[in-house]
Amino acid sequence: MAQQLLMPKATAIWLVDNTALSFDQIAQFCKLHPLEVKAIADGEAAQGIKGLDPISTGQLSRDEIARAEANPNHKLKLSEPKVRVPESKRRGPRYTPVSKRQDRPNAILWLVRNHPELKDAQISRLVGTTKSTIEQIRERTHWNSANLTPMDPVTLGLCSQIDLDMEVEKASRGRPLPTAAELGATLQSAQETERMSPNFEREEEREIDADAVFAKLKSLKSSPKDKDEDEDDRF
């Protein structure tokens, strides 16, 4: 995990009050806008926040500050931490904000329909729900089943696209390959088409003989003289 500055605004206040660094240098180091740093220096922003000494917290050295003060183009760099804290792995279902909890059933329905390969535990990790809720939505016994609408959990902000893709990839690893019946009709292979007779022609590619067509039409069309002879024979 990339190292991050602790309490950026409090650090910016301390640097403004105790160093000769430029607003741009402080803004770059604290990930703030230069105008916001200027407002802090003028007393118009961050009022009531106590400055935090980055030297005492081990995030910045005095030598680094001195180099930046001597060179306005120098960018401050965070000091390497003396102790590496391992990143804690999240266990259990994902926390969902209260404002988005009403969207979880719609997200579960979308996952059940569009990714049936996902297990209940995976869906629980993605949207932060319980297995009993997932089973109720699968079996349509949920109290609000009639009003549920499938909605993408990524669009709802319940999970990221990366997390969804990772869970789908994990679920797809153990699935057997689809059979020919599941895939449906496919095109013939090149070997099969090469075995076909060389005289094979598609009907629409055959040339049309104009003389033959008109000759056939003339034979079907009877002349007025023949028609009169036929009427005389009747009498």
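In this predicted model, Arg125 is partly exposed, with a relative accessible area of 33%, and its side chain forms a salt bridge with Glu167 in which the closest N and O atoms are 3.1 Å apart. Because Arg125 belongs to helix α6 and Glu167 to helix α9 (residues 161-173), this pair ties together parts of the chain that are 42 residues apart in sequence. The acidic partner, Glu167, counts as buried at 9% relative accessibility, a value that falls under the 20% limit applied to buried residues.

The pair Arg125 and Glu167 is one of the salt bridges of the structure, which holds five in total. In another of them, Glu36 is joined to Lys9, with 3.3 Å between the closest N and O atoms; since Glu36 is located in helix α3 (residues 34-42) and Lys9 in helix α1 (residues 8-18), the contact links parts that are 27 residues apart in sequence. Both side chains of this pair belong to partly exposed residues, Glu36 having a relative accessible area of 25% and Lys9 a relative accessibility of 38%.

A salt bridge within a single helix is formed by Arg67 and Glu64, whose side chains meet at an N to O distance of 2.7 Å. These two residues are three positions apart in helix α4 (residues 62-70), and so about one helical turn separates them. Arg67 is partly exposed at 44% relative accessibility, whereas Glu64 is buried, with a relative accessible area of 8%.

Helix α6 (residues 120-127) also packs against helix α7 (residues 131-138), the two axes coming within 9 Å and crossing at roughly 110 degrees, and α6 is therefore roughly perpendicular to α7. On the α6 side the contact is made by Asp120, Ala121, Ile123 and Ser124, which meet Lys131, Ile134, Glu135 and Arg138 of α7. By residue class, the contact of α6 with α7 comprises three nonpolar residues, one polar residue and four charged residues.

Beyond α7, the loop that leads to α8 (153-156) contains His142, a residue that is buried, with a relative accessible area of 10%. The side chain of His142 reaches the backbone nitrogen of Asn144 at a distance of 3.0 Å. When residues up to four places away in sequence are not counted, the contacts of His142 are with Pro105, Thr133, Gln136, Ile137 and Leu148.

Terms used: Residues are numbered from 1 along each chain as its sequence is written. This is a predicted model: local features need pLDDT of at least 70, side-chain atom pairs count only at pLDDT 80 or more; totals for chains, interfaces and linings use all residues. Side-chain values use heavy atoms; hydrogens and water are left out. Axes are lines fitted to C-alpha atoms, for helices over the stretch in contact, and angles run from 0 to 180 degrees between N-to-C directions. Helices (H or I, at least four residues) and strands (E, at least two) are DSSP runs, numbered from the N terminus. Angles under 35 degrees count as roughly parallel, over 145 as roughly antiparallel, 65 to 115 as roughly perpendicular and the rest as oblique. Contact means heavy atoms within 4.5 Å. Ala, Val, Leu, Ile, Met, Phe, Trp, Tyr, Cys and Pro count as nonpolar, Asp, Glu, Lys and Arg as charged, and the others, Gly among them, as polar. Buried means under 20% relative accessible area, exposed over 50%, partly exposed in between (1.4 Å probe, protein chains only). A polar contact is a pair of N or O atoms within 3.5 Å; within protein, one must be able to donate a hydrogen and the other to accept it, and residues adjacent in sequence count only if both atoms are side-chain atoms. A salt bridge is a side-chain nitrogen of Lys or Arg within 4 Å of a carboxyl oxygen of Asp or Glu.
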